[in-house]
Amino acid sequence: MDEVTIKVLLLGDEKVGKTTFLSRISGGSSGLDGRATITLLRDIDQPFIFEIRNRRRTYRLEFYDTSSPEDWRLLEPDLILICYDISQRLSLINMQRVWIKQVRSNFQASDCIPVIVVGLKRDLRSETDPNGIIYPQEGYKVSQEMRVDKYVECSAVTGELLKLAFEEICNTAVKTATPEGGQSEGGCVVS
């Protein structure tokens, strides 16, 4: 059985939930419902490796968090996840001001690399936020403006929509190994 390695790079501001997200999915399918205890992964253990198998192939997904390796710009990712904290408007703004520009300026093949926006900490969405609630429609609209391929959101702590988000990430990752690539046709897709 062939093994295909796919590099997945997580970008986003500090403290948006990237490590908790990776820690939750590292527990396998049993941890995706949010009931299992989260054991935080350590940066020195990167890349975080997940294997997916189908009838024809084994896919080795190597997840890299921006905090390590120190110069993530040297990586040649097959898929990029731009993450933001649903409860922090500044992290949504920084997706547009900082992170998508970093992708476009640092990766020569950026127009061929699929990009997924991942809204994290869905459980912290608050009606009383003084900066205003970030509803899924707003996250999707910003994703469309950034011209990314998909928009997903979830909560690693409660498990809400986590399985669906992880499946979309895996499906896109697997498609990067095909001649068509993992980019969506015609713009951003909500999952």
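**Figure 1. Arginine 53, an exposed residue of strand 2.** In this predicted model, arginine 53 has a relative accessible area of 58% and counts as exposed, because that value is over 50%. The residue is found in strand 2, which covers residues 48–53. The side chain of arginine 53 is joined to the side chain of glutamate 51 by a polar contact of 3.0 Å. Glutamate 3 is 50 residues away from arginine 53 in sequence, yet their C-alpha atoms are 9.0 Å apart in space.

**Figure 2. Aspartate 13, a buried loop residue.** Aspartate 13 lies in the loop that runs between strand 1 (2–11) and helix 1 (18–25). Its relative accessible area is 16%, so aspartate 13 is classed as buried, the limit being under 20%. Beyond the neighbours within four places in sequence, aspartate 13 is in contact with Lys18, Cys83, Leu90, Ser91, Asn94 and Trp99. With tryptophan 99, the contact includes a polar one between the two side chains, at 2.8 Å. Aspartate 13 and tryptophan 99 are separated by 86 residues in sequence and by 8.5 Å from C-alpha to C-alpha.

**Figure 3. Helix 2 and its kink.** Helix 2 takes in residues 89–106, which makes 18 residues. From first C-alpha to last, helix 2 reaches 25 Å, close to the 26 Å expected at 1.5 Å a residue. A kink of about 50° is centred on methionine 95. Methionine 95 is also one of the buried residues of helix 2, alongside Arg89, Ser91, Leu92, Asn94, Trp99, Ile100 and Val103. The buried residues of helix 2 pack against strand 1, strand 4, strand 5 and helix 3 (136–146).

**Figure 4. Helix 1 and its cover.** In helix 1, 6 of the 8 residues are buried, and the helix is mostly covered. The buried residues are Lys18, Phe21, Leu22, Ser23, Arg24 and Ile25. They pack against five strands and a helix, namely strand 1, strand 2, strand 3, strand 4, strand 5 and helix 4.

**Figure 5. The nonpolar cores.** The largest nonpolar core has 28 residues, and Phe21, Phe63 and Leu81 have the most contacts inside it. Elements giving two or more residues to this core include strand 1, helix 1, strand 3 (57–65), strand 4 (79–85) and helix 4 (162–175). Helix 4 supplies the largest share, 7 residues. Apart from this core lies another, of 23 residues, among them Leu11, Trp72, Phe107 and Ile134. Leucine 81, a residue of the largest core, is in contact with Val8, Leu9, Leu10, Leu11, Phe63, Ile116, Val118 and Ile169, leaving aside its neighbours within four places in sequence.

**Figure 6. The whole chain, for orientation.** The chain has 4 helices and 7 strands, in the order β-α-β-β-β-α-β-α-β-α-β from the N terminus. Of its 191 residues, 48% count as buried. Among contacts with a separation of 6 or more, 72% are between residues 24 or more positions apart. The chain exposes about 10,100 Å², and carbon and sulfur atoms supply 47% of this area.

Conventions: Residues are numbered from 1 along each chain as its sequence is written. This is a predicted model: local features need pLDDT of at least 70, side-chain atom pairs count only at pLDDT 80 or more; totals for chains, interfaces and linings use all residues. Side-chain values use heavy atoms; hydrogens and water are left out. Buried means under 20% relative accessible area, exposed over 50%, partly exposed in between (1.4 Å probe, protein chains only). Contact means heavy atoms within 4.5 Å. Accessible areas come from the Shrake-Rupley method with a 1.4 Å probe; for residues, only the protein chains shown count as cover. A polar contact is a pair of N or O atoms within 3.5 Å; within protein, one must be able to donate a hydrogen and the other to accept it, and residues adjacent in sequence count only if both atoms are side-chain atoms. A nonpolar core is a set of buried Ala, Val, Leu, Ile, Met, Phe, Trp, Tyr and Cys residues joined through side-chain atoms within 4.5 Å. The expected span of a helix is 1.5 Å times one less than its number of residues. The bend at a residue is the angle between axes fitted to the seven residues ending there and the seven starting there.
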